Amino acid sequence: MRRSLLLVSGSLLLLVFGSSLVCSDDESASKKAGYVTQYMPRSEGDNLAYFMLYPWAGYCWCPEVFHGTIRLGYEFRESRHGKDIAKALLINDTLSFVGSSATPAATKTDLLADYFLLATDTKASISFDPKIKQNILTFDAFFDLPEFWPGVYLQIDAPLVHAQWNLHDSQGISQGHPKKANLSQTPFNPGYMLAVFTGETPSTFTQETLYYPLPKNNWYDALTGTQLPLVPVFTQGEKWGTESWDYGKFFGEKETDTKLASLNFDLGYNFYACQDYHVGAYIRLVAPSGTKFDERHAEYLFHPKIGEAHWKLGAGLTAHVELGSWCDCQHTMALYFQGYVVHPFAKNEVRVFDLVNKGPLSRYMLLKEFSDVTTLTGPADNQLTSVNTEATGRLVTAINYTTRHTRVKLDFQGEFALELAYQNACGLSAGVGYNFYGRSKERMKLSTTADLTIEARKLGFKGTSYTAMAGFNTISVLVPPATSDNFRIIDPVSPPDHAATERTVTSTESNATLYGGGTVDRSIEIRVEAPQPPGEPGMVYLTNWGTFPADGDPVVAAGNGNVIAHESGVGPVILDFAGTDILWGSERNAVGDEDQTGITNKPVLLKSTDLDLDSAACPRQISHKLYGHLDYAWADSWCAPYVRAGAEIECSAREDRQTMKAWAVFVNGGVNF
C-alpha cells in the first residue's frame, strides 16, 4: 500500500511533466543549434538537490504540536565547459574578423571586420572561455502546523546570490589587462565610413583636406562599440559620425552582481504520514526578486543573471517510504521523492534580437540612418515638391534598433528529485540523489507602445557601400567618339583641384550579411548618351578614387571606375531621383549602354517585422543533476542541531549549450524546535 502510493504519486507527476516537455513547441533552427542572444541559466532557487523538503535531520513525521526547522547554509557553484557558453552566445568560441579588402577574402564564417569599425584589411581573431561563479547564502525554514490543521506545513526558501560572470577572452581584457593596440591601423578610404573631407569651406576642399578616419586599434574599443569622432560637414549643416553601442557590449564594468534570487513559498498537506512513509501535496508560489531584464541588463552581452524575473504559481508532490531497517532499527534506508510544476506569469522585459534571415550576431551589422527631405522640383509659384529619403551621414549598429521592450511568456517550469538516504542511531546520515529540471520555450511579443521612438527611426543595411561622395564640377567637350570622356572635370574656384560639394550616399544593401556586403538595392542606372553641346555644365559624384581629380581629367579617369552619378545641365538636384535621364557617365560604357550606380532612388529600410523574435527566446531547457551529502545530528541535544556537507554536478545534452553545466559544493546547518 505504502509503496503503491509513492509510485502512483511520483509517476503521475513525472508523466505530466515529461509529456509537457515532449509536446512543447518546436525549436527554431538557431535553438536546435544552441544559440541565444542572452545567456539565462536556471534560477538558484530552483534546486531540489539542496532545498528538498526531506530528509531534514531530526524531523518528526507525525507531530502533534507545532514543530519547525530553520537552516542556514553556503553553496559555491561554478560553470563547466565555458566554450559551450561561448558557442551559445557567439556561435563559436573563437570569432574571426576579416575586412572587406583583406586578402585572402573572408570565408562564410569570418565576420566582416568593417561592421566593428576595424580596418578593411583586418585579419584577426579573439577567443572566449566564459566562466560563471556563484556564492550563495541560503536561508530556509520549515513549519508543521498541526494546531491549524493536522498535516499542514509551510516551507520558505530564500537564496542570496553573489554572481561573477567573466568572458575570459584570449586578450585578457575581461580579466582586467590593459588594452593592447595590436590591430591594423590602415585608415578608411575617404567617404567609406564617414565624410570625404574634414569640415571646411568649399574653397578648401582639396587633396590635403581629405578625411581618412582611423579604425579601432584594439579589441576593447571594437567590441564595446565606442564611436568614431563626429565630423562637421558644411553642406549638411550637421555632424556625421557613428553611434556608440547602447547594448550588447562585450566588455564593461558590470561583471558582478548581488541579489536575492527569489522567495519560494510551499504550503502543503500530508495525506498519509508516519515514520515509515508519507504522501503529500503542496502549492508553490515563487516571488521574483532577482535580475531585472531592463536596459541596464541588456547593456552588456554577459551581464550576470540571478534568480527569477517571473511570478510563478504551481503545485507539487512529496513522498517517502522506508525501504528497510536492521540491527533493531539502528540502521535504516529510505527513498524520498519531491517534485513540482509551476506556471510563470507573463513579464515585460527588455530583450536583444537578431534579424530575420541574417543569422546569429546579425544585431552587430552596421546600418545607415535616413531621413525624409523635401525639395523644390518646380517653379516657386507652383510650389512643386518632392519628398526623398536621404542618408543623414550617421552610422548605427543594428543592436541599437533591435533591442526592444517585450512581453515574455512561457508555459511551465519544474523539477523533481529522487533520493536514497541512509541513517543510523548515532546521528550519522547520508544521501545520494538525482535531480531533473525542465523549462518550456519562451514566447515573445513586442510592445506596441514602449519603443515608438526606435520604431520611427529610418535605418537600412550599409553593407560595404560608401557613406559619402564628393561632387566635382564638369563641362562637356566635343571629343569623339561619344563616350563619357566628353565630360571633363573643371575647377569651381582657384586654386585648382578642388571639390565643389559633398553629399551622403543614399543606398542600402539589404542582402548584405554578417560575413560580407551585398548589392545596392534598386540601383539607379547611369546612361552614357550623345555628347552635350560643348560648354554644358554639370557635376560628377565620385567615391574611392585612385587619384584626386584634377582640372581637365575625364570623368571616367577621375572616377577610376567609381562614378556614382553625373548630372548635366540645369535640373533637379542629384538627390531627387524622380527620373534617371539626368544621370550621366560611366567607365567603359559605349553610347546607350547602362550600368548600375552605387545610389538608389528608394533605400530598403528595416521594420519591426525584420526582428527575429526567436533569437532572444530562451529555448526549452532540460538538465540532470547528481548530488550527495553527509549529515550529522545531535538528536538528543536541546533543539537537535545538525550539519550537512555535500556536492552537486549538473549536466545536459551535448548539443544543449544554453543550459549551464556546473559543479557545486555546499555546507549548511540547522536546528529543530
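## A look at K445

Let's start on the outside: K445 is exposed, its relative accessible area being 57%. Here exposed means over 50% relative accessible area, buried means under 20%, and partly exposed covers what lies in between, using a 1.4 Å probe and protein chains only. K445 belongs to strand β21, which runs over residues 443-446. Strands (E, at least two residues) and helices (H or I, at least four residues) are DSSP runs, numbered from the N terminus.

K445 also has company: together with K292, K347, R407 and K409, K445 forms a positive surface patch. Such patches take in residues with over 30% relative accessible area and no salt bridge, with like charges joined within 9 Å and nonpolar side chains (Val, Leu, Ile, Met, Phe, Trp, Tyr) joined within 5 Å. Lys and Arg count as positive and Asp and Glu as negative, while His and the chain ends are not counted. Each charge is placed at NZ of Lys, CZ of Arg, CG of Asp or CD of Glu.

## What you are looking at

This is a predicted model, where local features need pLDDT of at least 70 and side-chain atom pairs count only at pLDDT 80 or more, though totals for chains, interfaces and linings use all residues. Residues are numbered from 1 along each chain as its sequence is written, and side-chain values use heavy atoms, with hydrogens and water left out.

The chain has 673 residues, and 53% of them are buried. DSSP finds 9 helices and 33 strands in the chain. Take the contacts (heavy atoms within 4.5 Å) with a separation of 6 or more: 77% of them are between residues 24 or more positions apart. The accessible surface adds up to about 27200 Å², and carbon and sulfur atoms own 58% of that. These areas come from the Shrake-Rupley method with a 1.4 Å probe; for residues, only the protein chains shown count as cover.

## A covered helix

Helix α4, residues 82-90, is mostly tucked away, with 7 of its 9 residues buried. Those are G82, D84, I85, A86, A88, L89 and L90. What do the buried residues of α4 pack against? They pack against β1 (67-79), β2 (94-98) and β5 (131-144). Right after α4 comes I91, with a positive phi near 75°.

## Charged pairs

Side chains of opposite charge can pair when their charged atoms come close. The structure holds 25 salt bridges, each a side-chain nitrogen of Lys or Arg within 4 Å of a carboxyl oxygen of Asp or Glu.

One of them joins E369 and R457, at 2.9 Å from N to O. E369 sits in strand β16 (366-376) and R457 in the loop between α8 (452-455) and β22 (458-461), so this pair ties together parts 88 residues apart in sequence. E369 is buried at 15% relative accessibility, while R457 is partly exposed at 22%.

R443 and D411 make another salt bridge, their closest N and O atoms being 2.9 Å apart. That pair links distant parts of the chain, 32 residues apart: R443 is in strand β21, and D411 is in the loop between β18 (403-409) and β19 (413-424). R443 is partly exposed at 33%, and D411 is partly exposed at 40%.

A further salt bridge brings E648 and K625 together at 3.2 Å, N to O. E648 is in strand β32 (642-651) and K625 in strand β31 (621-633), so parts 23 residues apart in sequence are tied together. Both E648 and K625 are buried. Finally, E349, R351, R439 and E442 form one network, joined by salt bridges that share partners.
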